[in-house]
Amino acid sequence: MESILVVEDDALLREELCVLLRQNGFETSVPDDFSEIPRIVEEKSPDLVLLDVQLGSVNGITLCARIRETSEVPVIFLTGRSSAMDELECLTRGGDDFIAKPYQAPVLLAHIRAVLRRSKPKKQEKEQLCCQGVRLFVPEACLEYRGQRVDLTRNELKILYYLFRHPGEIVSRGDLTEYLWDQDVFIDDNALSVHMTRIRNKLSALGVDHMIKTKRGMGYQV
């Protein structure tokens, strides 16, 4: 059973959400302290977070950015603000989806199921790719080299999957970012650089250095 962390400061709405989710086959949990959300996510490992933007003195968008420092758990924002700029801010700060209040229960459930479905490796993707002796295991979201393994976040997995599918080719940052957006991973140029650094560090931990080459002004190559 998939678990959902419900982060909503309106007690009545929070209870209604939890009842709705439980009636539709989900487990729910509710945090006692909003400021502890990143730690709770790391400890409980929910399958999805429903996150209100306005949480009294706590800003949900800021919380999402903190969650993204340690977790790739899918986050759906719930908010009474519905402008295009509000939606863009939520999605570019780490959110996977955006739902304006008031919402219809069937629509909310459809969004939740769609995000959960997208957060899992697609069936049409090959389960395993190999490049320069390094194996990428898609379902397990990990890399293996000479018997050693390291785990990958969802974004790291998608970046490496795209690079491994284009060995020897120079993949531009624009093409890579566009692919990630098509995969519902909304990151900007700076975030892409951070992810690439983390991927290289994980490869280095396996004893694989200089696998991903940066072609100045052009992109990346494996």
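Which residue in S7 does Leu78 stand opposite? Hold that thought for a second while I set the scene. What you have on the screen is a predicted model, so please hear everything I say with that in mind. I'll walk through two sheets, then come back to a residue that carries an annotation.

Okay, back to Leu78. Its opposite number is Ile99 in S7. That pair sits where strand S6, residues 75-79, meets S7, and the two strands run parallel, joined by 4 bridges.

Now zoom out to the sheet they belong to. It is an open sheet of 5 strands, and the order across it is S2-S1-S3-S6-S7, with parallel pairing. At the edges you have strand S2, 27-29, and strand S7, 97-100, each of which pairs on one side only. On average, neighbouring strands in this sheet are turned by 20 degrees against each other, ignoring direction. There is a helix on it too: helix H2, residues 37-44, packs on the sheet and touches strand S1 (3-7), S2 and S3. The direction of H2 makes about 170 degrees with that of S1.

Let's stay on S1 for a moment, and pick out Ser3, which is found in that strand. Is Ser3 buried or exposed? Buried: its relative accessible area is 18%, and the cut-off for calling a residue buried is under 20%, so Ser3 qualifies. As for company, if you leave aside its neighbours within four places in sequence, Ser3 is in contact with Glu27, Ser45, Pro46, Asp47 and Leu48.

Next, the annotated residue. Which feature does UniProt place at Asp52? The entry, which is unreviewed, gives "modified residue: 4-aspartylphosphate" there. In the model, Asp52 lies in strand S3, residues 48-52. Asp52 is buried as well, because its relative accessible area is 5%. And what does Asp52 touch, not counting residues up to four places away in sequence? The list is Val7, Glu8, Asp9, Gly60, Leu78, Thr79 and Lys101. You'll notice Leu78 in there, the residue I opened with, standing opposite Ile99.

Right, over to the other sheet. This one is open too, with 4 strands in the order S8-S9-S10-S11, and the pairing is antiparallel. The edge strands here are strand S8 (128-131) and S11, each pairing on one side only. Neighbouring strands are again turned by an average of 20 degrees against each other, direction ignored. Helix H6, residues 154-164, packs on this sheet and touches S8, S9, S10 and S11, with its direction at about 125 degrees to that of S9.

Let me take the strands in order. S8 and S9 run antiparallel, with 4 bridges joining them. Cys131 stands opposite Val134 in S9. Their hairpin has 2 residues between the strands, and Gln132 takes a positive phi near 55 degrees.

Then comes S9 with S10, that is, residues 134-137 with residues 142-145, an antiparallel pair over 3 bridges. Arg135 stands opposite Glu144 in S10, and Leu136 has Leu143 as its bridge partner in S10. This hairpin has 4 residues between the strands, and in the turn Ala141 has a positive phi of about 55 degrees.

Last pair: S10 and strand S11, residues 148-151, are antiparallel and joined by 4 bridges. Here Glu144 shows up again, this time standing opposite Arg149 in S11. So what sits between S10 and S11 in their hairpin? There are 2 residues between them, and Arg146 in the turn has a positive phi of about 50 degrees.

One more thing about Arg149, and I like this one. Where does its charged end sit? Over the ring of Phe137, 4.2 Å from its centre.

To finish, here are the two spots I'd have you click on. In the parallel sheet, go to Asp52 in S3 and look at its contacts, including Leu78 and Lys101. In the antiparallel sheet, go to Arg149, with Glu144 opposite and the ring of Phe137 under its charged end. That's me done, thanks.

Methods: Residues are numbered from 1 along each chain as its sequence is written. This is a predicted model: local features need pLDDT of at least 70, side-chain atom pairs count only at pLDDT 80 or more; totals for chains, interfaces and linings use all residues. Side-chain values use heavy atoms; hydrogens and water are left out. UniProt positions are given in the numbering used here, feature names are shortened, and annotations may be inferred rather than shown by experiment. Buried means under 20% relative accessible area, exposed over 50%, partly exposed in between (1.4 Å probe, protein chains only). Contact means heavy atoms within 4.5 Å. A charge sits over a ring if NZ of Lys or CZ of Arg is within 6 Å of the ring centre and within 35 degrees of the ring normal. Two strands pair if DSSP finds at least two bridges between them. Axes are lines fitted to C-alpha atoms, for helices over the stretch in contact, and angles run from 0 to 180 degrees between N-to-C directions.
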